[in-house]
Amino acid sequence: MMTSIVDRFIKYTKIDTQSDPNTGLTPSTPGQMKFSRELAEELKTIGLEDVELDDNGYIMATVPSNIEEDVPVVGFIAHVDTSPDFSGKNVSPKIVEEYDGGEIVLDAENNISLKPAEFPELKQYIGQKIISTDGSTLLGADDKAGVAAIVSAMEYLIKHPEVRHGKIRVGFTPDEEIGEGADLFNVEKFGAEFAYTIDGGEIGELEYENFNAAMAKVTAHGRNVHPGYARGKMRNSIRIANQLIAMLPRHETPEHSDGYEGFYHLMSFNGDVEKTEMQFLIRDFKRDRFEDRKKEMEHLVRKVNHEFGEGAMDLDIKDQYYNMREKIEPVKYIVDLAEQAMKDVGVVPKIKPIRGGTDGARLAFMGLPTPNIFAGGHNFHGRFEFLPVPSLEKAMEVVLKIAELVPSVKKV
């Protein structure tokens with residue numbers, strides 16, 4: 001008997017695997033390693049071969065080829081961590097067996113509901129089974145839905161040898177949500193010609209381009225003096241920090257942009273008169289515009305220092321990842337393959353840019369071209385996250401169909 005993909009997903013959500021950007025460890029939290037150990041044992045029980053879990057929480061495993069032809073090795077990858085943006089402890093999923101189009105009450109006592117007026121995409125799933133949160137945590141479909149889809153697909157292939165396929169490699173990574181999922185991924189050891197992350201959102205999403213991304217850490221340095229005697233002496237770091245914020249383009253922010261538009265995003269602000277620290281995300285799809293945005297941030301910091309005095313503000317910019325399109329376009333057939341797989345299982349492909357990043361963005365520049373495929377969820381990283389079950393099932397079917405179609409691809 002195969003494990004139900006819904007049961008598998010719900011079991012996965014019960015383990016707290018939130019990553020933490022502040023520990024300096026890999027994996028960054030013990031819950032991730034706990035889940036990875038259980039997952040590795042599950043893969044062995046199902047019948048995968050060469051199951052390996054390393055000391056940093058990375059899992060690799062193999063489903064051997066059942067054909068004689070020499071065909072490309074394909075990989076499927078998902079991440080085990082959930083976002084640190086919202087609690088992932090004591091997740092208690094709720095199941096709506098047949099969604100009727102109205103509000104889904106998550107927590108009646110605290111008046112928390114999923115409302116179509118606020119989340120109109122709910123209307124796409126009338127009549128379907130939906131998994132939601134209980135209003136107190138995130139759900140974890142990002143990316144435990146992807147993990148469940150891959151594991152369930154591999155179990156199906158092992159139990160159905162009549163489905164012809166080449167060698168398949170699966171990989172599960174920690175710390176994707178804090179941008180470190182590919183840091184210690186051994187591409188050579190993985191040994192796939194190409195791969196897919198199952199880490200997208202709604203059904204049909206197929207993505208092979210993403211933001212170029214950088215993190216800017218800005219520190220404003222002040223001088224605290226009693227305000228009654230501060231004339232000509234005090235330097236208020238909060239005011240200095242606000243000067244930089246006011247100089248940035250007002251409408252080039254996440255809440256004012258979509259599609260291929262980039263932005264500056266102030267994601268944290270902590271300070272007092274003496275010292276203020278800020279973190280900005282810098283994002284753009286075009287590499288030249290991305291570089292211009294970084295130069296603009298440097299220019300504005302120089303202007304602040306000119307106004308308030310040298311040393312009033314420090315800037316540290318670090319690139320995080322780049323647009324994988326430049327690495328995938330030369331092997332565009334792998335996108336076409338996924339598109340065909342979706343059509344073959346009755347899914348309408350929605351090819352769109354990722355307004356973010358995945359492990360695949362980093363892996364593409366490490367030599368493993370890796371487009372991204374939907375896992376089915378909505379409203380990731382918060383209490384209003386939900387997962388339509390048919391979308392999760394279709395994600396599994398797409399993985400199966402890709403495996404079945406790979407033998408028709410000429411080895412690269």
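Helices (H or I, at least four residues) and strands (E, at least two) are DSSP runs, numbered from the N terminus. The structure shown is a predicted model, in which local features need pLDDT of at least 70 and side-chain atom pairs count only at pLDDT 80 or more, while totals for chains, interfaces and linings use all residues. Residues are numbered from 1 along each chain as its sequence is written, and side-chain values use heavy atoms, with hydrogens and water left out.

**The whole chain**

Begin with the entire chain in a cartoon representation, which shows ten helices and 17 strands. The radius of gyration, taken over C-alpha atoms, is 23 Å; the globule rule (2.2 Å times the number of residues to the power 0.38) gives 22 Å for 412 residues, so the chain is as compact as a globular protein of that length. Aligned to the principal axes, the C-alpha atoms fill a box of roughly 85 × 55 × 40 Å.

Next, colour by accessibility. Buried denotes under 20% relative accessible area, exposed over 50%, and partly exposed in between (1.4 Å probe, protein chains only). By this criterion 53% of the 412 residues are buried. A surface display corresponds to about 18400 Å² of exposed area, of which carbon and sulfur atoms supply 47%; accessible areas come from the Shrake-Rupley method with a 1.4 Å probe, and for residues only the protein chains shown count as cover.

Contact means heavy atoms within 4.5 Å. Among the contacts with a separation of 6 or more, 79% are between residues 24 or more positions apart.

**The eight-stranded sheet**

Select the strands of the open sheet, in the order β1-β2-β8-β3-β9-β16-β10-β15, with mixed pairing. Two strands pair if DSSP finds at least two bridges between them. At the edges are β1 (49–53) and β15 (350–351); each has a single partner strand, so one side of each lacks a neighbour in the sheet.

Within this sheet, display residues 74–79 (β3) and 168–173 (β8), which run parallel and are joined by six bridges. Phe76 is a convenient marker here, standing opposite Val170 in β8.

**Helix α1 and its surroundings**

Move to residues 5–13, helix α1: seven of its nine residues are buried, so the helix is largely enclosed by the rest of the structure. The buried positions are Ile5, Val6, Arg8, Phe9, Ile10, Tyr12 and Thr13. To see what covers them, add elements including α2 (30–46), α3 (141–159) and α10 (389–405), together with β4 (94–96), β7 (130–132) and β17 (386–388).

The loop between α1 and α2 is the next selection, with Pro21 in it. Pro21 counts as partly exposed at 48% relative accessibility. Apart from neighbours within four places in sequence, Pro21 is in contact with Pro84 and Ile178. A distance label from Pro21 to Phe194, 173 residues apart along the chain, should read 29 Å between C-alpha atoms.

**Unusual backbone geometry**

Most residues other than glycine have a negative phi, and most peptide bonds are trans. Pro27 also lies in the loop between α1 and α2, and a cis peptide bond with omega of about -5° joins Thr26 and Pro27. A cis peptide bond also joins Asp142 and Asp143, with omega of about 15°; Asp143 is found in helix α3.

For positive phi, select Asn90 in the loop between β3 and β4. Its phi is about 60° although Asn90 is not a glycine, and the residue is exposed, with a relative accessible area of 60%. Then centre on His381, in the loop between β16 (372–374) and β17. His381 has a positive phi of about 75° and is partly exposed at 27% relative accessible area.

**A hairpin**

Show residues 104–107 (β5) and 112–114 (β6), which run antiparallel and are joined by three bridges. Ile104 stands opposite Leu114 in β6. Four residues lie between the strands of this hairpin, where Asn111 takes a positive phi near 55°.

**Strand β11 and its two partners**

End at residues 212–221, strand β11: eight of its ten residues are buried, so the strand is largely enclosed by the rest of the structure. Add β13 (residues 275–284), which pairs with β11 in the antiparallel sense over ten bridges; Ala216 has Phe280 as its bridge partner in β13. Then add β14 (residues 313–321), which runs antiparallel to β11 and is joined to β11 by eight bridges. In β14, Leu315 is the bridge partner of Val218.
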